[in-house]
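Here's a quick tour of one structure, with a few topics to check as you turn the model around. Have the sequence and the 3D view open side by side.

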Amino acid sequence: MIKARNLKAMDITGASDPYVKASLICDGRRLKKRKTSTKRNTLNPVYNEAIVFDVPPENIDQISLLIAVMDYDRVGHNEVIGVCRVGSDAESLGRDHWSEMLTYPRKPIARWHALIEGHGEV
């Protein structure tokens with residue numbers, strides 16, 4: 001997870017406290033999740049953090065990643081700022097990024113992904 005830009009303000013301060021939650025999805029079920037650190041009071045966070053999942057090669061075709069950018073709240077519950085999906089069953093850019101990562105497994109491949117506004121818990 002490298003960075004995000006122009007996130008939606010979720011706090012009354014006009015900013016957010018964003019972190020990224022990545023969920024490993026297999027056949028529609030969440031198997032594992034990992035998250036980044038929280039960046040305080042920003043709409044343009046920089047993470048430069050690796051999120052690693054071990055996936056057996058024979059399962060790679062059933063796998064996708066659900067990426068959720070969340071706003072951390074000390075009081076109440078954390079809110080979804082937006083989501084995107086990367087995997088063979090994702091839409092255009094998410095599918096293309098996944099395909100390129102599988103083609104060049106040792107090479108880091110960075111892409112910008114637009115977020116779809118989130119609703120409820122992810």
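The count of disulfides here comes to zero. Keep in mind that this is a predicted model. Below, the two cysteines Cys26 and Cys84 come up before the sheet and the pockets.

**Cysteines**
- Why is there no bond from Cys26 to Cys84? The sulfur of Cys84 is the closest cysteine sulfur to that of Cys26, but it sits 19 Å away, which is too far for a bond.
- A disulfide would need the two sulfur atoms within 2.5 Å.
- Looking from the other end, Cys84 has its closest cysteine sulfur in Cys26, again at 19 Å and too far for a bond.
- Is Cys26 buried or exposed? Cys26 has 11% relative accessibility, so it counts as buried.
- Cys84 also comes out at 11% relative accessibility and counts as buried.

**The sheet**
- Five strands make an open sheet in the order 2-1-3-4-5, and the pairing is antiparallel.
- Which strands stand at the edges? Strand 2 (29–35) and strand 5 do; each has a single partner strand, so one side of each is left without a neighbour in the sheet.

**Strand 1 and its partners**
- Strand 1 is largely enclosed by the rest of the structure, because nine of its nine residues are buried.
- Side chains alternate: Pro18, Val20, Ala22, Leu24 and Cys26 point one way from strand 1, while Tyr19, Lys21, Ser23 and Ile25 point the other way, and all of them are buried.
- Note that Lys21 is on that buried list; across in strand 2, Lys21 has Lys35 standing opposite.
- How many bridges join strand 1 and strand 3? Nine bridges hold this antiparallel pair.
- Two places to pick up that pairing are Tyr19, whose bridge partner in strand 3 is Met70, and Cys26, which stands opposite Ile63 in strand 3.
- Strand 1 also pairs with strand 2, again in the antiparallel sense, over six bridges.
- The hairpin of strand 1 and strand 2 has two residues between the strands, and there Asp27 takes a positive phi near 50°.

**The largest pocket**
- The largest pocket holds about 1500 Å³ of space.
- Its lining runs to 48 residues, and the closest to the pocket's centre are Met1, Leu65, His97, Met101 and Ile109.
- Which elements give two or more residues to that lining? They are strand 1 (18–26), strand 3 (63–71), strand 4 (79–87), helix 1 (92–103) and strand 5 (116–117).
- By class, the lining of the largest pocket has 34 nonpolar, nine charged and five polar residues.

**The second largest pocket**
- The second largest pocket has a volume of about 210 Å³.
- Residues lining the second largest pocket include Cys84, Arg85, Asp89, Glu91, His113 and Ile116.
- Strand 4 and helix 1 are the elements that give two or more residues to this lining, and helix 1 has the largest share, with three residues.
- By class, the lining of the second largest pocket has five nonpolar, three polar and three charged residues.

**Worth a second look**
- Cys84 turns up under two topics: it counts as buried at 11% relative accessibility, and it is one of the residues lining the second largest pocket.
- Strand 4 and helix 1 each give two or more residues to the lining of the largest pocket, and they do so for the second largest pocket too.

How values were computed
Residues numbered from 1 in each chain as written. Predicted model: local features only at pLDDT ≥ 70, side-chain atom pairs only at ≥ 80, totals over all residues. Heavy atoms only, no water. 1 Å grid on protein atoms, 1.4 Å probe; cavity = no way out; pocket = protein on both sides within 12 Å on 5 of 7 lines; lining within 4 Å. Points joined across faces, edges and corners; volume = space filled by probe spheres on them. Helix = DSSP H or I, 4+ residues; strand = E, 2+ residues; numbered from the N terminus. Nonpolar A, V, L, I, M, F, W, Y, C, P; charged D, E, K, R; others polar. Buried < 20%, exposed > 50% of the residue type's maximum accessible area, 1.4 Å probe, protein only. Pairing = 2+ DSSP bridges.
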